[in-house]
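The report below describes a protein model together with its bound ligands. It is meant to be read beside the sequence and the coordinates.

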Amino acid sequence: MHSLKWIWTYMRDFKSGICIGFLLVLVVAGLNMLNPYFSGRIVDDVIYGGNMPLLWKLIGFMIAVTMIKTVIRYSFQLLFERISQRVIYTIRKQLYERLNELDFRYYDRTKTGDIMARMTGDMEAVRHFTAWTTYMIVENAMVLFFAIIFMFTIHAPLTVAMLAVTPVIGFFAYRMSSEVRPTFSEIRAQFARLNSVVQENISGNRVVKAFAKEEHEIGKFSAENRAFKEKNIKSARVWEKYLPVLDSLAGVLTVVMILAGGFMVVQGSLTIGELVIFNSLIWALNNPMRMAGWLINDVQRFIASAEKIEDLLNEQPAITNRKQKGESVSADFSVQFQDVTFKYEDEPVLSDITFGVKTGQTVAIVGPTGAGKSTIVNLLCRFYDADSGEVIVEGRDVKDWNVRSLRKHTAMVMQDIFLFSDTIEGNIAYGMPDATLEQVKDAAKKAEAHGFISKLPEGYDTIIGERGVGLSGGQRQRISLARALLKDAPILILDDTTSAVDLETEMRIQKTLKPILREKTCFIIAHRISSVKEADLILVLENGQIMERGRHEDLLKRKGRYYNVFKNQFGDFDGHQFGKEVM
Ligand SMILES: Nc1ncnc2c1ncn2[C@@H]1O[C@H](COP(=O)(O)OP(=O)(O)OP(=O)(O)O)[C@@H](O)[C@H]1O
Ligand SMILES: [Mg+2]
């Protein structure tokens, strides 16, 4: 019921169309009674009554009824299909908008396969229900209803005799559908597994080949494929078991009709023409009963899918815009972390993080892998909310910012680089689609990417493969850097941006970035000391805590953790010269 109410909120916009549709369904159900009636008249009035001119009239009526029925049927099928497509269009749009609103936490715990299933299989179940199941239920119910009334008006006792068989047909059809239902859901679940094996294999094909695991992967697929085949056969077995029973019961209907009807004809209480009418209406008793099982299945499938879609539509992002508190407060620091603690799940990832950085300054975060470096910038962009403490940007708690304007205020090169399968120009201009080619080139030059892009046969029009396939790791990083630079936001975040770039190129990038950084607040996360030595503030993070802080020279003097990393990377050094990179 709840799912019906839910789908009605979308369908009610087409109320008049739906009413017309159901009215047409009703007309067709009624018209279905006419041809059996005309057949009866042919037998009684033409064959036995000898009224030959009536024959042509009746045949004409029968042809006309058939044609009118076809046209009306076509019209309402088209009508329901159009309405369902519009309904689905709206739901799909809302679903996609919701997916775009949902935050990192949702994606952390949800599999891509599940989301895809919502967008495809579940959507299809809802479409099928609105486009087909709804009118089929009404049509079958009305055909059954009209047929019973019609039969009663001709001969009540024969109708009762035949109706005695129909519940048995209904019972077996219901039994079949309840037995088939679990096999259908098994097939669907197995299909999802088969799909995810294929999907994972395709996206991980490089790893598969590198480890020469093709046979293992084929084996994995074969097992799922075999299970899929077996589940389909199991489902077919249920069919095979019930279909003969249902066919025999349809036969029983005919037998009852001929035996009882024949007897009544002999007795004189029924004409042969009326018997022919009963015969022509057998399908009107049989079909709805057989269909009922399938329709129940369709309704259940619709309910299951509608609930899943509704759940996703009701999913609330944890990161929301709260009422803004007056005007922004001017502050000394453009970004400030105040006693910030954070955990993704149970384990604390950041504790007591406090630091501030002004416009024009660069803060560098270094530390072992897993220390929480990327997490700090995740909190800054409000991909997650701090558990306690405050993250203040331009004098205002990030929670008081409109999330979108906060993110427009920042440009980020993420550690896990994602490029779209689009042209290089399209990728660089992602954050600023109106940028001219000159601006794109300018950003690429600053990111030291122009050189290699120009050497490509199609230059900036080169289409990049999915996730940036076709480019080297360092090239991808530089395109991603150009994308962030073109956005020209006041806060620039570079998370491990030059890790795959050679030292010489990195130094050139640093040189071109220098004047840009002076105008912005910049965060640099890196493992190489050479990437961070110029920063105004270096934070050494370990286990989510700031262990050391200061400028490069101060930290070297402390001879602590930073100094040790430096020594490991540069060996013996004289003064603060960087001569070589340790391989
Ligand atoms: N989405 C997440 N869900 C749960 N735990 C996470 C998630 N992201 C990171 N973590 C955990 O939080 C900790 C800090 O991760 P973070 O990505 O901030 O490290 P990092 O310092 O950037 O490391 P690296 O130098 O390897 O990039 C790690 O222990 C990691 O396992
Ligand atoms: Mg990281």
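What follows treats the metal site, the surroundings of the ligand, two groups of strands and a few individual residues.

The model is a predicted one, and the values given below should be read in that light.

**The magnesium ion and its donors**

The magnesium ion (ligand 2) has two protein donors, the OG atom of S374 and the OE1 atom of Q415, which lie 2.0 to 2.2 Å from the ion. S374 belongs to helix α13 (residues 373-380), whereas Q415 sits in the loop between β6 (410-413) and α15 (424-428), so the two donors tie together parts that are 41 residues apart in sequence. Q415 has a relative accessible area of 43% and is therefore classed as partly exposed, since that class lies between the limits of 20% and 50%.

**The shell around ligand 1**

Both metal donors return in the surroundings of ligand 1, where 14 residues are found and where G370, K373, S374, T375 and Q415 come nearest. The table lists three contacts to oxygen atoms of ligand 1.

| Residue | Part of the residue | Distance to an oxygen atom of ligand 1 |
|---|---|---|
| G370 | backbone N or O atom | 2.8 Å |
| S374 | side-chain N or O atom | 2.7 Å |
| T375 | polar side-chain atom | 2.5 Å |

Taken alone, ligand 1 exposes 630 Å², and the protein buries 65% of that area. Helix α13 gives the most to this shell, with 3 residues. By residue class, the shell around ligand 1 is made up of 7 polar, 4 nonpolar and 3 charged residues.

**The parallel strands β6, β7 and β8**

Strand β6, which precedes the loop that holds Q415, is joined to β7 by 4 bridges, and the two strands run parallel. Within this pairing, V413 has L494 of β7 as its bridge partner. β7 also pairs with strand β8 (residues 521-525), again in the parallel sense and over 5 bridges, and here I493 has F523 of β8 as its bridge partner.

How much of strand β7 (residues 491-495) is covered? The strand is mostly covered, with 5 of its 5 residues buried. I491, I493 and D495 point one way from β7, while L492 and L494 point the other way, and all of them are buried. This arrangement may be read against a general rule: in a regular strand the side chains alternate between the two faces of the sheet.

**The antiparallel sheet**

A further group of 4 strands forms an open sheet in the order β2-β1-β4-β5, with antiparallel pairing. Its edge strands are β2 (348-357) and β5 (396-397), each of which pairs on one side only. Strand β1 (residues 335-343) is paired with β4 in the antiparallel sense over 5 bridges, and in that pairing T341 has S388 of β4 as its bridge partner. Strand β4 (residues 388-393) in turn pairs with β5, likewise in the antiparallel sense, over 2 bridges, with I392 standing opposite D397 in β5. β4 and β5 form a hairpin with 2 residues between them, and E394 in the turn has a positive phi of about 50 degrees.

**Residues with a positive phi, and one helix position**

Besides E394, other residues of this sheet deserve a closer look at their backbone angles. D339, whose place is in strand β1, has a phi near 50 degrees, which is a positive value in a residue other than glycine. D339 counts as partly exposed, with a relative accessibility of 44%. D352, found in strand β2, has a positive phi of about 45 degrees although it is not a glycine.

Outside these strands, S222 is found in helix α10 (residues 214-267). Is S222 buried or partly exposed? At 26% relative accessibility, S222 counts as partly exposed, because the buried class is limited to values under 20%. The C-alpha atom of S222 is separated by 9.3 Å from that of L194, a residue 28 positions away along the chain.

Note on methods
Residues are numbered from 1 along each chain as its sequence is written. Chains are lettered from A and ligands numbered from 1 in the order in which they are written. This is a predicted model: local features need pLDDT of at least 70, side-chain atom pairs count only at pLDDT 80 or more; totals for chains, interfaces and linings use all residues. Side-chain values use heavy atoms; hydrogens and water are left out. Donors are N, O and S atoms within 2.8 Å of the metal (3.2 Å for Na, K and Ca); water is not among the atoms, so sites may look incomplete. Buried means under 20% relative accessible area, exposed over 50%, partly exposed in between (1.4 Å probe, protein chains only). A residue is near a molecule or strand if one of its heavy atoms lies within 4 Å of it. A polar contact is a pair of N or O atoms within 3.5 Å; within protein, one must be able to donate a hydrogen and the other to accept it, and residues adjacent in sequence count only if both atoms are side-chain atoms. Accessible areas come from the Shrake-Rupley method with a 1.4 Å probe; for residues, only the protein chains shown count as cover. Ala, Val, Leu, Ile, Met, Phe, Trp, Tyr, Cys and Pro count as nonpolar, Asp, Glu, Lys and Arg as charged, and the others, Gly among them, as polar. Two strands pair if DSSP finds at least two bridges between them.
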